[in-house]
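Reader: I would like a close look at one part of this protein, the surroundings of its ligand, and after that a walk outward through the rest of the chain. Please take it slowly.

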Amino acid sequence: MTAPLYEALIKYVEDGTMPYHMPGHKEGKIISRKYIENIAKIDVTEVPGTDNLHDPHGPILEAERLAAKAFGAKSSFFLVNGTTCGIYAAMSSVLNDGDMVVVQRNSHRSVYNGLILTGAIPIYIEPLMDDEDAIAMGISIDELEKLLIKHKNVKAVVITYPNYYGFCVDINKVVDLVHKYDKVLIVDEAHGAHFAFSDRLPLSASKAGADIVIESVHKTLPAFTQSSILHVNTDRIDIDRLRFYLSLYQSTSPSYILMTSIDLARDFMEREGKALLDKCLDLSIQARRLINEIDGVRCIGDDVIGKYGIYDYDATKLTINVSGLGISGSVAESILREKFNIQMEMSDYRNILAIMTVADDEASFDKLIESVKGLSEYKRNEKLSYFDGNGCPEIPEMAMKPKDAVNKEYRYVSMDDAVGMVSLDYVIPYPPGVPLLCPGELIKKDMVQYIKLLYNIGIKVIGIDNLKIRVCK
Ligand SMILES: Cc1ncc(COP(=O)(O)O)c(C=O)c1O
């Protein structure tokens, strides 16, 4: 047998690495045996009785109706190409070429791609930075209101709720404000599909009344990767137009495995979700306490409430700042994998992130705490260079909209030669993952100096290759 990808995945499983990453079913722990046994058999197509995702009248429609009820939405649509395609469809259903839209500057790539697809013009809102943890947190509601007053023609607002680390703005306030100015609110709730199933988690944006909410079922619930869901909660949305774009961005042969995976995850959560989330939250809260007793590490949580626009957080996400050990998050992540055989969801400059779900149990929590304790053996007496984003230039002037920029002819130039030119790429430093330049933005001298500074102190900057950048001709 020669199947390198399959063999690599089987190796990962056989190595017994404990997963603290998505998908939420954690290697099938809570996927029903009967489903797994029948998985190849139910991989069918549109035949009488199986319905059609693009024109549902039978079991798919019924499954979507049950999902809407369970997630607290007015209507719900299954997605087989992740939240990514849901964001494209949501933006396309609301925005025309040249329309203005308020977008959080630290949005996921799919929102930026949505700008390219629609030809909409972004008005950016800067995220508020937690400099100590080097994380882009929430947004200022006052700042959002100022933007809505200043740009009367804005058609929609796109926000991320929660952020990757589980931190949340006050969604009720955002919904009220956006609706006060009669705009459409699109919420990227990729990391919050579980919110609807526990009162101990932050409020879901659907329950708060956001117009469109898109969630990755696969990230936090027991469903296969790429299964997501889009909810519509108000009459502001033209459902026919939305359906058109959902069909445009998804396969004409949508996977029945993915669609049933969403259906079953909803059913499982309705029957067992609340109890299992209670258990997961109890263990997460205890884990936070124990991790905070370990020297050199800190689990971020209550300490950021009321700061950086943060109102609430998802306790099942354990964001652990390891900078007190004198190592970066990415070094800690590698040590945890190599020496302790556990895999984090991700790491950044200062933090590691573990995602706990309804598939976790006492054993996985114990293993995490024991491994984080073990990290102290690898403590270095180095002080991590403290990078607080100081001196970051303002959001650059937009010379042309993103859609026009990406279709231009281009060339690569050195950063120094790029002054006065228009960027064709995103330039994004990690952390905090907030773009410094987006396609169509004018490159100024202070930006070049800043990017060189980041590059030279070893911050990973995406969009720069050997200090060369792609610019529009
Ligand atoms: C904030 C955010 N939005 C959207 C997405 C895209 O979701 P999906 O992977 O389900 O397409 C991601 C994926 O990582 C994300 O982190």
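How far is a nitrogen atom of the ligand from an N or O atom in the side chain of Asp-188?

Author: In this model, which is predicted, a nitrogen atom of the ligand lies 2.5 Å from an N or O atom in the side chain of Asp-188. Two oxygen contacts can be set beside it: an oxygen atom of the ligand is 2.5 Å from an N or O atom in the side chain of Thr-84, and an oxygen atom of the ligand is 2.8 Å from an N or O atom in the side chain of Ser-216. The protein covers 84% of the 390 Å² of accessible area that the ligand has on its own.

The shell itself consists of 13 residues around the ligand, of which Thr-84, Asp-188, His-191, Ser-216 and Lys-219 come nearest. Two helices, α4 (82–94) and α9 (217–220), each supply at least two residues of this shell, and α4 gives the most, with 3 residues.

Following the chain onward from α9, one enters the loop between α9 and β11 (228–232), where Gln-226 is found. Gln-226 has a positive phi of about 95° although it is not a glycine, and with a relative accessible area of 38% Gln-226 is partly exposed. Most residues other than glycine have a negative phi, and most peptide bonds are trans. Ser-227 sits in the loop between α9 and β11 as well, but Ser-227 is buried, with a relative accessible area of 0%, and the side chain of Ser-227 reaches the backbone oxygen of Phe-224 at 2.4 Å.

A positive phi also occurs at Leu-467, where the angle is about 60° although the residue is not a glycine; Leu-467 belongs to the loop between β20 (460–462) and β21 (468–472). Cis peptide bonds can be pointed out in two further loops. The bond from Met-22 to Pro-23 is cis, with omega near 0°, and Pro-23 is placed in the loop between β1 (18–20) and α2 (33–38). Another cis peptide bond joins Tyr-161 and Pro-162, with omega at about -5°, and Pro-162 lies in the loop between β7 (154–160) and β8 (167–168).

Strand β7 also takes part in a salt bridge, one of the 26 that the structure holds. Asp-99 pairs with Lys-155, the closest N and O atoms being 2.9 Å apart; because Asp-99 lies in the loop between α4 and β3 (100–104) and Lys-155 lies in strand β7, the pair ties together parts that are 56 residues apart in sequence. Asp-99 is buried, with a relative accessible area of 17%, whereas Lys-155, at 32% relative accessibility, counts as partly exposed.

Helix α11 (residues 256–292) holds Gly-273, which is buried, with a relative accessible area of 0%. The C-alpha atoms of Gly-273 and Asp-170 are separated by 24 Å, the two residues being 103 residues apart along the chain. Within α11, Arg-271 forms a salt bridge with Asp-267, the closest N and O atoms being 3.0 Å apart, and since these partners are 4 residues apart in the helix, about one helical turn separates them. Arg-271 is exposed, with a relative accessible area of 54%, while Asp-267 is partly exposed at 26%. The side chains of Glu-362 and Lys-279 meet in a salt bridge at 3.5 Å, N to O, and this pair links distant parts of the chain, with Glu-362 in helix α13 (residues 362–374) and Lys-279 in helix α11, 83 residues apart. Glu-362 counts as partly exposed at 42% relative accessibility, and Lys-279 is partly exposed with a relative accessible area of 33%. Salt bridges that share partners also join Glu-132, Asp-133, Arg-298 and Asp-303 into one network.

On the cysteines, a search of the whole structure finds 0 disulfides. The sulfur of Cys-299 is 13 Å from the closest cysteine sulfur, in Cys-280, and is therefore too far for a bond; Cys-299 is buried, at 4% relative accessibility. For Cys-392 the closest cysteine sulfur, in Cys-438, is 12 Å away, again too far for a bond, and Cys-392 is partly exposed, with a relative accessible area of 39%.

Last, on the surface, Met-1, Tyr-6 and Ile-10 make a nonpolar patch of about 360 Å². Tyr-6 is found in helix α1 (residues 4–14) and, at 47% relative accessibility, counts as partly exposed.

How values were computed. Residues are numbered from 1 along each chain as its sequence is written. This is a predicted model: local features need pLDDT of at least 70, side-chain atom pairs count only at pLDDT 80 or more; totals for chains, interfaces and linings use all residues. Side-chain values use heavy atoms; hydrogens and water are left out. Patches are made of residues with over 30% relative accessible area and no salt bridge: like charges are joined within 9 Å, nonpolar side chains (Val, Leu, Ile, Met, Phe, Trp, Tyr) within 5 Å. Accessible areas come from the Shrake-Rupley method with a 1.4 Å probe; for residues, only the protein chains shown count as cover. Buried means under 20% relative accessible area, exposed over 50%, partly exposed in between (1.4 Å probe, protein chains only). A disulfide is a pair of cysteine sulfur atoms within 2.5 Å. A residue is near a molecule or strand if one of its heavy atoms lies within 4 Å of it. A polar contact is a pair of N or O atoms within 3.5 Å; within protein, one must be able to donate a hydrogen and the other to accept it, and residues adjacent in sequence count only if both atoms are side-chain atoms.
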